[in-house]
Amino acid sequence: MTAAPLVPAAPTRAPEDARQRAARLESAFGDPCDPGNPVGFKALLAADERAEPLPAAEDLLDSAGFGAELVPTGLGGRLHDASGLMRMLRPIFRRDAALGFGYGITSLFAAAPVFAAGTPAQRETVARLLATGGRAAIVHRSLAHGTAMLRGELTALGHSGGYLLQGQKDVVINAERAGAVVAYVRTDPAPGPAAHSVFLLDPDRLPSEGLRLLPRRTTTGLRGCRFAGYAFEDCPVPGDALVGEEGTGVRLALRTFQLNRTLITGAVLASVDTVLRAAVRATLAAGAPSGRQRPVLAGVFAGLLAGDSMAAAVLRALSLRPGSAHLAAAELKYLVPDLLRDDLEELATVLGAGGYSRDTDQGTLSKLLRDLPAAGLGHAGTAACQAVVIPQLPLLAEQFWGREAEPPAGLFTDAGILPPLDIGSLEVAGGGDFLIAALQTSATRLADAGDPGPYGDALRAMTAAFRADLDDLRDRCRALGPGGPTARTSPVLCALADRHAVLSAVGAALATWEQHRHTASFLADPAWLLLALQRYGRRLGRTLPPLPASCVDRVTEELLTRFRAGRSFDLHDTPLAEAGTP
């Protein structure tokens with residue numbers, strides 16, 4: 001297969017886009033390291049210690065009208081596409097993941113099935129609530145996110161043209177202050193994909209004897225979120241509370257989880273940016289990064305760029321490739337949080353024992369290590385993502401790998417305006433495997449290139465190794481047979497899914513580098529790509545060629561340059577309110 005030359009996407013800009021709004025929000029939050037900042041790290045860590053939201057931070061978001069960011073533009077809000085929303089979330093998650101969940105995206109996760117399948121009246125009701133600063137709570141079906149704290153299930157029986165709800169959910173974010181509750185409820189006792197439905201409930205209009213608010217529960221992570229619960233007992237619910245058709249709850253969950261999984265993972269990258277910044281600050285306070293610290297810092301930085309490459313591609317795919325984003329979204333949430341946990345463990349070696357103090361700059365590490373599992377990014381969250389991927393592997397190997405056309409360049413650059421996000425158009429199966437297609441076409445182009453540029457030999461050798469690994473994966477997945485695997489928890493099948501996720505991430509990194517190869521951006525430098533590919537190779541158990549000695553130096557120098565200039569460590573390289581150092 002010979003790959004055609006990559007054609008960059010046409011650069012265009014939307015007026016008053018999310019970049020400008022995100023810059024204003026970042027400025028409004030101010031320098032998080034300033035101990036006098038009422039919404040800085042010191043105040044946020046103190047609120048976390050009290051297990052309470054920080055009122056000043058929520059007031060700031062209220063004054064910025066942040067709720068409108070969660071409402072689609074077609075309903076009068078500012079949510080045009082998921083990539084733009086991510087820009088708005090990162091200033092928040094850079095400071096506190098609990099604030100991002102408690103104030104922001106949990107309400108969107110609740111609203112998403114309504115925006116996808118609700119009646120015009122339901123959509124308008126939820127849009128008005130969020131745009132005016134209200135909260136929506138979500139009651140998942142049991143283990144929908146793969147985290148044990150979300151166990152519990154509601155059931156509904158038909159009654160007088162409506163339903164009677166039964167059941168209890170002990171842990172729901174914002175249960176105490178939600179103006180709307182979106183609940184996944186079992187409406188059919190028989191097992192199967194049509195057993196659940198979605199309901200939009202107004203807690204203020206339900207009878208007090210039917211709905212009881214359970215006491216608040218404190219958790220180890222996301223302590224700044226308010227978790228409480230609901231108990232339903234023969235609670236009458238009107239028939240028009242049903243969202244979409246009865247029995248479509250699982251399909252709606254699979255559709256909307258693509259957005260949820262991608263936003264959570266992409267936002268948490270900003271939280272790890274903060275910990276990396278703390279580690280750099282610690283090394284500079286001692287003079288300069290030592291010879292042992294430089295590879296750690298450079299490796300984590302390269303890992304953030306590679307993880308953001310994958311997150312950015314999936315975010316754009318939700319608009320550009322709604323028929324195939326589901327696969328990449330599951331791979332992203334399965335793989336990248338695991339890699340971020342590894343990054344935090346590496347950064348702990350730089351920050352030292354002080355990283356577990358709650359009243360210092362390094363306290364961000366301890367807090368994030370507690371927040372990640374509560375955010376559905378712990379080890380228990382991997383099974384749900386693997387369940388999306390594993391059944392599709394035989395078909396992908398047989399019909400797509402090596403045959404699928406190169407994906408559009410717009411997936412790997414933010415130069416163009418995306419089509420509006422339509423949550424209702426997201427599919428839950430089929431559509432191909434665009435990240436693997438990106439790996440194959442990029443690897444072919446590098447193999448055929450007459451002048452691959454700096455580090456060309458090392459890059460060719462690495463991509464050839466990943467291409468060989470993909471060929472082996474294809475053979476193994478074909479051998480599973482056309483009926484597909486049945487024991488989805490089999491260690492062998494889980495290992496195949498893991499390899500597929502890593503190779504998908506390789507494809508995203510390669511395509512992102514190619515899209516920026518002829519720009520003035522640091523992303524044009526293959527040094528970060530080589531460091532990232534080496535890390536992916538270790539995950540696969542591959543012995544890759546040694547890196548050129550200057551790779552770590554070049555990536556470290558860019559890291560220090562961005563730190564001193566007060567710029568972000570992601571693909572966007574945006575100015576931050578945090579003061580740089582000379």
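This report describes the nonpolar cores of a predicted model and one helix, α16.

## Basis of the model

Local features require pLDDT of at least 70 and side-chain atom pairs pLDDT 80 or more, while totals for chains, interfaces and linings use all residues. Residues are numbered from 1 along each chain as its sequence is written, and side-chain values use heavy atoms, without hydrogens and water.

## Nonpolar cores

The largest nonpolar core (buried Ala, Val, Leu, Ile, Met, Phe, Trp, Tyr and Cys residues joined through side-chain atoms within 4.5 Å) comprises 168 residues. Buried denotes under 20% relative accessible area, with a 1.4 Å probe and protein chains only. Leu276, Phe466 and Trp528 have the most contacts inside this core. Helix α8 (residues 293–320) supplies its largest share, 17 residues; helices are DSSP runs of H or I, at least four residues, numbered from the N terminus.

A second, separate core contains 23 residues, including Leu165, Val185, Ala228 and Val237.

## Helix α16

Helix α16 covers residues 526–540; at 1.5 Å a residue its 15 residues should span 21 Å (1.5 Å times one less than the number of residues), and its end C-alpha atoms are 21 Å apart, which agrees. Of these 15 residues, 12 are buried, among them Trp528, Arg535 and Tyr536. The buried residues pack against α8, α9, α14, α15 and α17. Contacts of Trp528 (heavy atoms within 4.5 Å) include Ala302, Leu305, Trp513 and Val555.

At the N-terminal end, Asp525 caps α16, with a side-chain oxygen 2.8 Å from the backbone nitrogen of Ala527. Just after the helix, Gly541 adopts a positive phi of about 80°.

Methods
Buried < 20%, exposed > 50% of the residue type's maximum accessible area, 1.4 Å probe, protein only. Helix = DSSP H or I, 4+ residues; strand = E, 2+ residues; numbered from the N terminus. Polar contact = N/O pair within 3.5 Å; in protein donor to acceptor, adjacent residues only side chain to side chain. Lists of a residue's contacts leave out its neighbours within four places in sequence.
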